[in-house]
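Let's take a walk through this model together, starting from a single side chain and working outwards. Keep the viewer open as you read.

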Amino acid sequence: MVSELFDFDTLRLMVILNHRLILAILGVGLLLGAVSLVIMPKVYTARSSVQIDQQERKVLGTEDSDPVAFGTEADRFLQTQVDILTSRAMAKRVSDTLGLSANDKFLELATGHASSDLAPDERLDHVIDTLQRNLVVDLPRNSRIVGVTYRSRDAQLSAKIANTFVSEFIKGNIQRKFSASSYSLDFLSNQLSVAKNKLEQSERLLITYSRAAGLIDASSRAAPQGEPQRGPQSLVTANLVELNSRSTEAKAARLQAEERWLEASKTPLMELPEVLSNDAIQRLLQKRAELSSSLQELRVHLKADHPSVVQAATELAEIDREAKVLAEAIRASIHNQYRTAARQDAALQGAVDGLKLATLSEQDRGVRYNILKREVDTNRQLYDSLLQRYKEVSAASGVTVNNIAQVDVAEAPRKPTSPRILVNMAVALGLSMVTAAVAVLVRGHLVDTIDDPREVESRLGIPLLGAVPLADGIKPHDALLDARSDISEAYHAIRTAIELSSSAGLPSSLLLTSNSPAEGKSTSSFALARDFAMLGKKVLLIDADLRRPSLHLLLELGNGAEGLSSVLARKTAPRDAILGTQIDNLGFMPSGPTPPDPANLFSGSRLKEMLAELEEHYDLIVLDAPPVLAIADALELTAVAKVTVFVMEAGVVRVKSAQQSLLRLHRAGGRVIGAVATKYNLKMAGYSNAYTYSYGN
């Protein structure tokens, strides 16, 4: 479809027509780019960077820390930090730290000018806006290193502000942590005070009740390290537990002593383990064994009545007696131990039975005591935990560990980052190319005019009979007086094209119309009628524009009391309405009086009858018709004329409007043989004098 509408020649033609516009736009764009290098202020960019971790290191091991975030939560955390960096509050901190709003010096460096009559609040707003506008914070993907960049016209100022943003960001982060710790300390302090008061009150109630009930708490003794606090909660219970434990021990001792005694009473005296293990018995038995051995030896050598034998026997009998006495004493001690254990068991059992009754009575009074005691324990545990937490928060609040650390310190840049020659010129060239393209599109589509006559055939679908150049500084009528002028040569070519437009030769009637007024239609009608008359043709020029006639002015004749309107109204014969002119073979019929409704005059049969009558006397009748526009005059005229020529002003008439006018002419029965382009500016189209008709040029 594109190839049908625009062939290669048409495309080349459009490029040639617009090349001067494109070159002009590119030249202006490059010139503006060069000018920008001179007038643009030098801008210096300083860059610092910080590392932002989600969690800070723990020094005490008791500091609170948020859970580690992953995925979108981590990205949201980092973006929150970036928003804090670029916030208005951070810009105000930087302004206050550097004193930028104290005077106009910073605004002069940043913008090149500053109003000295600004109020302090207005100056502060301008400073903050300037800081935010020139601050750039970039957060790369998959990194916790955030770049902080600042631009200004002073290299030292750029570095100072970039570093100040970082330092204030770190300070602000620490201050927020201190604020949170301070709030926690205040909250814990209040809660600790409340818990302390509750503990003291509950202890007072417990003591008051224990005094009134006669209950003595015996559970305050310290428990062994690593063991929970145990024991009864009153003295009676403590005694009961203690005596019961001793009674159990006494009962066990009694049973053991009883068992020993029963065993000792059944065992021969000298076979008792206690007797055999006694040291004195062992010495006596050893001594007896020695004496018995000596006695046996003496009896071997001496008689029984020998004094030595008698003495040895006496000593042996004495040892046996002493051993028996000692063994009986040991058996008696075992019996005494049994009786003592039995008495102790009975005594302790009696004491336990007595304390049992006292304990049962005390338990009735200890229900309230236990309730108060549990409340005291609960309040003490709460107080101890709050106190421990208060100590931890107090210790952590003094630790200045931060999760934000500066990585790069901004240094004063040695070279400005703007303007850059290559970038500025590339941007200027790119914008110029875009502007040129837009201009060509606007010119070719939005404006939608025919700038070059050679576009007529491709865009309107009718032949181009010729193009009339624009008269430079002179009137078209004056230019027609010069036979060798460009305009005269153009109309000569158009005249020839009309003669050759049909194999039948010159048509008997020629109608010239246009899309809208002031497109050169009347001048073209006069010029063509004159040219044909100068060739010896008998020509009649009719001013058929009954609404705005103008041909009589070109011919320097009056409109007259009689003319076309009076002929169409059948008030005057056609021959009587024709005036003579200074040009040989050229007659002129003016429009005549302006009728109230010209369309009614053209709609009758009188127009066709008039032309048929006049064609018998003239070789050519040229009718200057009104524009097609929105009236029906031209449509009535084109229906009776042999041929029609469409006159259009180059670079003014719109294609769609011209197409609509041509369509109306065709539907009315007109035979449009071609178009004439008038007021064609050769230089504006980029052809210089290459498209003239003058042989001399």
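Start at Val-309, which is buried, with a relative accessible area of 2%. Keep in mind as you rotate things that this is a predicted model. With a cut-off for burial at under 20% relative accessible area, that 2% puts Val-309 in the buried class. The residue belongs to helix H11, a helix that runs over residues 307-397. So what does Val-309 touch, once residues up to four places away in sequence are not counted? The list is Leu-295, Leu-298, Arg-299, Leu-302, Lys-303 and Ala-304. Take Leu-298 from that list: Val-309 and Leu-298 sit 11 residues apart in sequence, and their C-alpha atoms are 6.1 Å apart in space.

Stay on H11 and slide along to Leu-360, which is also found in that helix. Is Leu-360 buried or exposed? Leu-360 is exposed, at 52% relative accessible area, and the cut-off for that class is over 50%. Its C-alpha atom is separated by 9.3 Å from that of Thr-237, although the two positions lie 123 residues apart along the chain when you count how far apart they are. A similar kind of pairing involves Ser-245, found in helix H8 (residues 235-266). Here the partner is Val-352, 107 residues apart from Ser-245 along the chain, with the C-alpha atoms separated by 9.5 Å. Ser-245 counts as partly exposed, at 34% relative accessibility.

Now zoom out for a moment. The chain has 697 residues, and 38% of them count as buried. There are 23 helices and 12 strands to find your way around. If you take contacts between residues at least 6 apart in sequence, 77% of them join residues at least 24 apart. The accessible surface comes to about 38700 Å², and carbon and sulfur atoms account for 55% of that.

Next, the buried nonpolar parts. The largest nonpolar core holds 33 residues, and the ones that touch the most other members are Phe-106, Leu-131, Ile-161 and Phe-165. Elements giving two or more residues to this core include strand E1 (44-52), helix H3 (72-85), helix H6 (120-134) and helix H7 (155-213). Which element supplies the largest share of this core? That is H7, with 8 residues. For a closer view, pick Phe-165: leaving aside neighbours within four places in sequence, Phe-165 is in contact with Leu-85, Met-90, Ala-91, Val-94, Leu-131, Leu-135 and Val-148. Apart from this core lies another, of 30 residues, among them Leu-480, Ile-494, Leu-551 and Val-622.

From there, move to the second largest pocket, with a volume of about 380 Å³. Rolling a probe the size of a water molecule over the atoms shows where empty space is left. The pocket is lined by 19 residues, and those lying nearest its centre are Pro-517, Ala-518, Lys-521, Asp-545 and Arg-548. Two elements give two or more residues to the lining, helix H16 (521-534) and helix H17 (551-554). H16 makes the largest share, with 3 residues. By character, the lining divides into 8 nonpolar, 6 polar and 5 charged residues.

One of those central residues, Ala-518, deserves a look at its backbone. Ala-518 lies in the loop between strand E6 (509-514) and H16, and is exposed, with a relative accessible area of 63%. Most residues other than glycine have a negative phi. Ala-518, though not a glycine, has a positive phi of about 65°. Arg-570 also has a positive phi, of about 60°, without being a glycine. You'll find Arg-570 in the loop between helix H18 (564-568) and strand E8 (579-580), and Arg-570 is exposed too, at 52% relative accessible area.

Finish with a loop residue that is buried instead. Ser-591 is found between strand E9 (586-589) and helix H19 (598-603), and its relative accessible area is 1%. What is Ser-591 in contact with, leaving aside neighbours within four places in sequence? The partners are Asp-543, Asp-545, Leu-546, Pro-549, Asn-559, Gly-563, Leu-564 and Ser-565. Asp-545 takes us back to the second largest pocket, as one of the residues nearest its centre.

Conventions: Residues numbered from 1 in each chain as written. Predicted model: local features only at pLDDT ≥ 70, side-chain atom pairs only at ≥ 80, totals over all residues. Heavy atoms only, no water. 1 Å grid on protein atoms, 1.4 Å probe; cavity = no way out; pocket = protein on both sides within 12 Å on 5 of 7 lines; lining within 4 Å. Points joined across faces, edges and corners; volume = space filled by probe spheres on them. Helix = DSSP H or I, 4+ residues; strand = E, 2+ residues; numbered from the N terminus. Nonpolar A, V, L, I, M, F, W, Y, C, P; charged D, E, K, R; others polar. Buried < 20%, exposed > 50% of the residue type's maximum accessible area, 1.4 Å probe, protein only. Contact = heavy atoms within 4.5 Å. Core = buried A, V, L, I, M, F, W, Y, C linked by side-chain atoms within 4.5 Å. Areas by Shrake-Rupley, 256 points an atom, 1.4 Å probe, with all protein chains shown as cover.
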